[in-house]
Each structure stands twice: as C-alpha cells, then as structure tokens.
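I opened my notebook to jot down what I could look up in this chain. Have a look at it with me before reading on.

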Amino acid sequence: MTINWTKYHSVIMDAQRILLTTHENPDGDGLGCETAFYEYLSGMGKECRIINVSPFPVEYDFLNPDNRFEIYDKEKHTKWLSGVDIAIILDIGDYKRMDVLWNIVTKYNIPTMNIDHHPHLNHSPFTYDLVNIKAAATGEIIYDYLKNQYQVKMPIIIYDGIYTAIMTDTGSFRHNNTTVKCHEIAIDCIQNGIDYTGIYQKVYESHSRNRMELLGKILANLHYENNGELAWFVIDQDLLQSTQANKEDVDGFTDIVRTIRGVEVAVMIFQNEENFCRVNFRSKGKYVIGHTARSLGGGGHDMAAGAVVEGKLNEVIEKVLAATMESMDSQKNSK
Ligand SMILES: [Mn+2]
C-alpha cells in the first residue's frame, strides 16, 4: 500500500505551473495538505496556486497566513488555469467533488495527480493515482513525501497543515482509523514546535452561536429506528433559515449524534438545495455504512461516508432510511 514516490516526484519536478485543489466544502485534511504542499512547491520555485471551489472556512485561518487560498473565479482564473502543467488533487474521494474545476481540467487537458486515502472507483479519470486507503488522512501520505524531500527541518506551516489534517480526519486521534503512525507524526509535529492546543481550539472551539442554536434544535428532535441503533435527523431549509446558520455550520453534527449511548449509526439528511440533499453517515463500527452511501450515488469510508441525493425532501428521507435500515438488518442477520 505504501506509495512509491520516485516516478511521481519526477512528474512534479517537471511541472512548472501547478494547481492544488481539494473537494468542495473542504475539511482540515484537504486544507492542511494544500497549505503544506503549497509551501513546499513555492519553496522549490514552482508557480503554484491553491484554488478551491468553496469558500475558505474561517476557523482554519492559521493555515492561510498570506492569503494563499483562492476561491475559483472564472474571470480571474481561466487564463492561468489554461496553462497549468499539472493539477494535484488532494483528498477528493470523487472527481465530482471538484465541481466546475473538473470541467476546466478536462477542457484544457491538464494532467491530474490524485492523492487520496478514499477508495476510488475502478475506472479512474485521473492521469496518476496515488491512493493509500490505509492512511488515516491524505495528510499522512503528504507527510511521507515531504519528510523525504526536506533534508533539514520542514517549515512550521507544513507541520501545522499535516497535524491539522490528521487531527481532523481522526476526530482528534479517537476514531478507529487512528494508528501508531498518526501518533508518531503528531510527535514529530509537536517536537517541531506546533501549537497543538491553539490548533485544536481554533478548529473545534470557535463555533458560531447560530450553529449551536441549530444543533440544539436538531438534538431536541432526533428520530430513532432499529431499536435505537440508528439515529437520524433532518435539516430543511426552513430550519437553517430560522437559526441563520450557514451550510458549513452543519459539519460535525452527525459525529455528535453518534456519541449517544446505544446509537451505532447516525444519519444526517440536509436539504442543501430545493431538490438536493446532502446525506452523511457515521458508524461506531458495528455496521459498515460506506456501501449504503455508494448505493445512493455517494462514497467514502466504511465508517464515515456521504452522498448527495436528488429528489423532494420526503422522498429522499424515505429512500435513505430504507437503504440504511435494510443494510443494518442484513448485516445483523449475517452475524
Ligand atoms: Mn481525508
């Protein structure tokens, strides 16, 4: 599973203009990898830009000291993008999560390097695939590569990015993807001077009041199925508006619901747009939910996955619950 970087290293070195990007609604892993890789590539004299399709989440400001993160803007970026030598795509899971940037990459025939720890479909659309599904975070893969490149101490922002990537994807070193290696990398980051308490507080202790109000309303209205092993909740557009919360505020809610005693699987159905719902699945470990997400057109890991499901809210709820309950039942019966 360990990636042999020799070939990919020369591909990267041969490129001059490099685009770095990650999935829509970027998380700590995607952003941490981007800032770390950007630091390295710019240091090598590459003409490198980080361009994402979604806004930069403010709690990660410490990864963005010099406004290195840009939001895709057709007017501003088209010319530059048309001359990109390689697009390095981090933590993507599914090329569709690049949104319009995928169309651009295809339009200009830009070679793509997919660096990820999500399982991918058989027919990869990328030029190069560097996938290690055993890695807890894409940041772990990036760490291995960069650690090899630097003969001296790496710049602190690389450690900040890598630590953030692994901390967020392991739920602060708690989830079942946490390994000895995650802790070893954390030790290296701490020994090299990262402010780990500060990073934790910035990421996890800077929620808006609106988010907490929305969370309160959700927790007061949870639904339980399958003898309490499944807990689910719905966020419709009215609820979102009534609390003035934004779309990013719902991140992490499913993890919170999963913490309830007896709950094995938590599901969020979030009405993102009138006829589209973002669905999140989280499992404690007894039930695999990755394939349920895939059966709904989504993807992800065994215990943490998601999908975007088209349809009227009530139809989506019905469809998602039926698929989840059926899968949980059949897994239970086969044990
Ligand atoms: Mn990740």
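Here are my entries, going from the whole chain down to single residues.

**Ground rules.** I am working with a predicted model, where local features need pLDDT of at least 70, side-chain atom pairs count only at pLDDT 80 or more, and totals for chains, interfaces and linings use all residues. Residues are numbered from 1 along each chain as its sequence is written.

**Whole chain.** I began with the secondary structure, which comes to 13 helices and twelve strands. Here helices (H or I, at least four residues) and strands (E, at least two) are DSSP runs, numbered from the N terminus. The radius of gyration of the chain is 20 Å, close to the 20 Å that the globule rule gives for 335 residues, so the chain is as compact as a globular protein of that length. For my own reference, that radius is taken over C-alpha atoms, and the globule rule is 2.2 Å times the number of residues to the power 0.38. The C-alpha trace spans about 55 × 45 × 45 Å along its principal axes.

Next I checked burial, and buried residues make up 42% of the 335 residues. I call a residue buried if 20 or more other C-beta atoms lie within 10 Å of its own, exposed if 12 or fewer, and partly exposed in between, with C-beta atoms placed from the backbone. I also looked at contacts between residues at least 6 apart in sequence, and 65% of them join residues at least 24 apart. A contact means that the C-beta atoms of two residues, placed from the backbone, lie within 7 Å.

**Domains.** The domain assignment gives domain 1 (6–204) and domain 2 (209–333); such bounds come from an automatic or database domain assignment. Their centres, taken over C-alpha atoms, are separated by 27 Å. Seven residues of domain 1 are in contact with seven residues of domain 2. On the side of domain 1 that touches domain 2, I find one nonpolar, five polar and one charged residue. The classes are: Ala, Val, Leu, Ile, Met, Phe, Trp, Tyr, Cys and Pro as nonpolar, Asp, Glu, Lys and Arg as charged, and the others, Gly among them, as polar.

**The six-stranded sheet.** I then followed an open sheet with parallel pairing, in the order β3-β2-β1-β4-β5-β6. Why is one side of β3 and of β6 left without a neighbour in the sheet? β3 (69–71) and β6 (128–131) stand at the edges and each has a single partner strand, so one side of each stays free of a neighbour there. Neighbouring strands of this sheet are turned by 25° against each other on average, direction ignored. Those angles use axes that are lines fitted to C-alpha atoms, for helices over the stretch in contact, and run from 0 to 180 degrees between N-to-C directions.

At the β6 edge, β5 (residues 112–116) and β6 pair in the parallel sense over four bridges. Two strands pair if DSSP finds at least two bridges between them. One bridge to note here has asparagine 114 with aspartate 129 in β6 as its partner.

**Strands β9 to β12.** Eight bridges join β9 (residues 265–273) to β10, and the two run antiparallel. They form a hairpin with two residues between them, and methionine 268 stands opposite asparagine 280 in β10.

Strand β10 (residues 276–283) also pairs with β12 in the antiparallel sense, over seven bridges. Phenylalanine 276 stands opposite glutamate 310 in β12, and valine 279 faces alanine 307 in β12. Is β10 enclosed or open? Seven of its eight residues are buried, so β10 is largely enclosed by the rest of the structure. Strand β12 (residues 304–310) is mostly covered, with five of its seven residues buried. Two bridges join β11 (residues 299–300) to β12, again antiparallel. This pair forms a hairpin with three residues between the strands, and glycine 299 stands opposite glycine 306 in β12.

**Two asparagines.** Asparagine 67 has a positive phi of about 50° although it is not a glycine. Asparagine 67 lies in the loop between β2 (47–52) and β3 and is exposed, with 8 other C-beta atoms within 10 Å.

Asparagine 226 also caught my eye, with a positive phi near 45° in a residue other than glycine. I found asparagine 226 in the loop between β7 (223–225) and β8 (230–235), where it is partly exposed, with 17 other C-beta atoms within 10 Å.
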